[in-house]
Amino acid sequence: MSKIIVRKAGPLSGQVITGGSKNAVLPLLAATLLTEDPCVLDGVPNLKDVEVMCRLLRSFGAEVEQDEGGRRITVRAKTISTSEAPHDLVKAMRASIVAMGPILGRCGEAVVPLPGGCAIGDRPIDLHVKGFVALGADVEVVTDEGGGCVRADGRALKGAEMYLDFASVGATENIMMAAALAEGTTVIENPAQEPEIVDLANFLNKMGARIRGAGTDTIRIEGVERLHGAEHCVIPDRIEAATFMLAAAITRGNVLVENMLPNHVVPIMAKLRECGVQLSEEEPGLRVDASGGFFRATDIKTLPYPGFPTDIQPQFMAFLSTVQGPSNIVETVFENRFMHIDELNRMGAGILAEGRSAIVRGGASLTGAQVRATDLRAGAALVLAGLVAEGETVISDVYHIDRGYEDLVGKMAGLGADIRRVKNGGPVDSVDRLVFAE
Ligand code: UD1
């Protein structure tokens, strides 16, 4: 199995280009199942999760073609050969659940193995189920020793008004896609407002759907009889962009992050500025300058968009461990997203966690250690810590990082980091090794 080895190399500098958004492309790929026509997605990142989603689409009978670099994917789901998702792919990637809405909308039935919990939390799907039931589907959740499955039967879905108790990203996407082909109007109150939801709505509207309000606190979907093929370019990955912003900050570097939308990272910009990092919009991106000055602590509370994203909490925590003074971090989105704290503490970060709160002591001088990427963003946080730790940091279980970062090692090295990837003689990394998270 591969490991990433990082050594301190001073401030990062130069330009880095963010790729297409992982969390946008997965539901976009799932949405292609809603039509028999070909759909084309551009700006697709080359990620393990994308590979799993393509395998999932093929398992439903879709033809999936990728151009050489994998950036452009054409999907044609002329017929759907089965409405049942394979167990191994759903287990490999929890986000496979977003295929349920399109399959239900298109075929009138869907069976998806229960994705179950993961390292960062229990991850129930009750809100997805609540949405399908509101649309008139009969939904049965079967639990058995093999993990169980959720079966939905909804041959005549009807638009409905519903309220989500929590603004779940996956549930909002699933309901939008199922409702696109339902009869009548669906209103989702308290939906997720993430940019990835807006991107999905834009793509569905290009396919002929009638969705308004995506990105606000009420989404209205007028069902249509059929959807047609469309072409779409995936939005840039705001979490990858923010990871590079933090790489500049933690190394006290000066980096221009290209192909990013600053209005997607407003809370991260606000918090970096509170800490004393200089940020300026500069064609073609955002300049992050942490090369001078004194950096202060700040407090963070993760929240659904437009609040501070949970997906950048571990990386921000790594940065805060290096600034003067204590910071308080509260994780409200996932119940167990502090697995990286033990690993950061092995490197001398001095973080104390209790329940969903953590106190970062600040002012730590990190030292290299053997650490484990416990999930995708935890892995990114360890890479950031390794950039400023004395000695060598060896990160194992890097398949988590491959799920959501395209060539993180190459991009960091391009900014001057001393970072490399080594194979350790173990089994070749493959999607079968993936563990679902996020
Ligand atoms: C998506 C993102 C993930 C991000 C998360 C929150 C993708 C592929 N992944 O995950 O990177 O961290 O949003 O921003 O887009 N919940 C329920 N019942 C449900 C559904 C969710 O209680 O039916 C809870 C979850 O357990 C969790 C919280 O809601 O505590 C947020 O989950 P959700 O917004 O659904 O996240 P995902 O769509 O899984």
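Colleague: What relative accessible area does R72 have?
Modeller: This is a predicted model: local features need pLDDT of at least 70, side-chain atom pairs count only at pLDDT 80 or more, and totals for chains, interfaces and linings use all residues. Residues are numbered from 1 along each chain as its sequence is written, and side-chain values use heavy atoms, with hydrogens and water left out. R72 counts as partly exposed (buried is under 20% relative accessible area, exposed over 50%, partly exposed in between, with a 1.4 Å probe and protein chains only). For R72 the relative accessible area comes to 31%.

Colleague: Which residue forms a salt bridge with R72?
Modeller: A salt bridge here is a side-chain nitrogen of Lys or Arg within 4 Å of a carboxyl oxygen of Asp or Glu. The closest N and O atoms of the R72 pair are 2.7 Å apart. The partner of R72 is D42.

Colleague: How many residues apart in sequence are the parts that D42 and R72 tie together?
Modeller: D42 is partly exposed as well, at 22% relative accessible area, and its salt bridge goes to R72. D42 lies in strand β3 (residues 38–42), while R72 sits in the loop between β4 (63–66) and β5 (73–76), so the pair ties together parts whose separation in sequence is 30 residues. Strands are DSSP runs of E with at least two residues, helices are runs of H or I with at least four, and both are numbered from the N terminus. So the number for D42 and R72 is 30.

Colleague: How many salt bridges does the rule give in total?
Modeller: One of the links is a network that joins R7, E392 and R420. By this rule the count comes to 24.

Colleague: Which residue meets R210 in a salt bridge?
Modeller: The N to O distance in that pair is 3.9 Å. It links distant parts of the chain, R210 in strand β11 (residues 210–212) and its partner in strand β12 (residues 218–222), 12 residues apart. The partner of R210 is E222.

Colleague: And which residue meets E222 in a salt bridge with R in strand β11, 10 residues apart?
Modeller: E222 is partly exposed, with a relative accessible area of 31%. E222 also has a salt bridge with R212, again at 3.9 Å, N to O. That pair links β12 to β11, 10 residues apart. R212 itself is exposed, at 52%, and the residue you want is R212.

Colleague: Which are the edge strands of the open sheet that holds β11 and β12?
Modeller: The sheet has four strands in the order β9-β10-β12-β11, with mixed pairing (two strands pair if DSSP finds at least two bridges between them). Inside it, β10 (residues 185–189) and β12 pair antiparallel over five bridges. The strands that pair on one side only are β9 (161–163) and β11.

Colleague: Which residue in β12 is the bridge partner of I188?
Modeller: I219 also touches G213 (contact means heavy atoms within 4.5 Å). G213 is in the loop between β11 and β12, and at 28% relative accessibility G213 counts as partly exposed. The bridge partner of I188 is I219.

Colleague: About what angle does helix α6 make with β12?
Modeller: Helix α6 (residues 169–180) packs on the sheet and touches β9, β10, β11 and β12. Axes are lines fitted to C-alpha atoms, for helices over the stretch in contact, and angles run from 0 to 180 degrees between N-to-C directions. For α6 and β12 the angle is about 25°.

Colleague: Which residue in β22 is the bridge partner of R7?
Modeller: Strand β1 (residues 2–7) and strand β22 (residues 392–396) run antiparallel and are joined by four bridges. Both belong to an open, mixed sheet in the order β21-β22-β1-β23. The partner of R7 is E392.

Colleague: How many residues of helix α10 are buried?
Modeller: Helix α10 spans residues 313–320 and is mostly covered. Among its buried residues are F316, M317 and F319. The count is eight of eight.

Colleague: How many residues lie between β7 and β8 in their hairpin?
Modeller: β7 (residues 138–142) and β8 (residues 149–153) run antiparallel, joined by five bridges. V142 stands opposite C149, and G147 in the turn has a positive phi of about 110°. The number of residues between the two strands is six.

Terms used:
Lists of a residue's contacts leave out its neighbours within four places in sequence.
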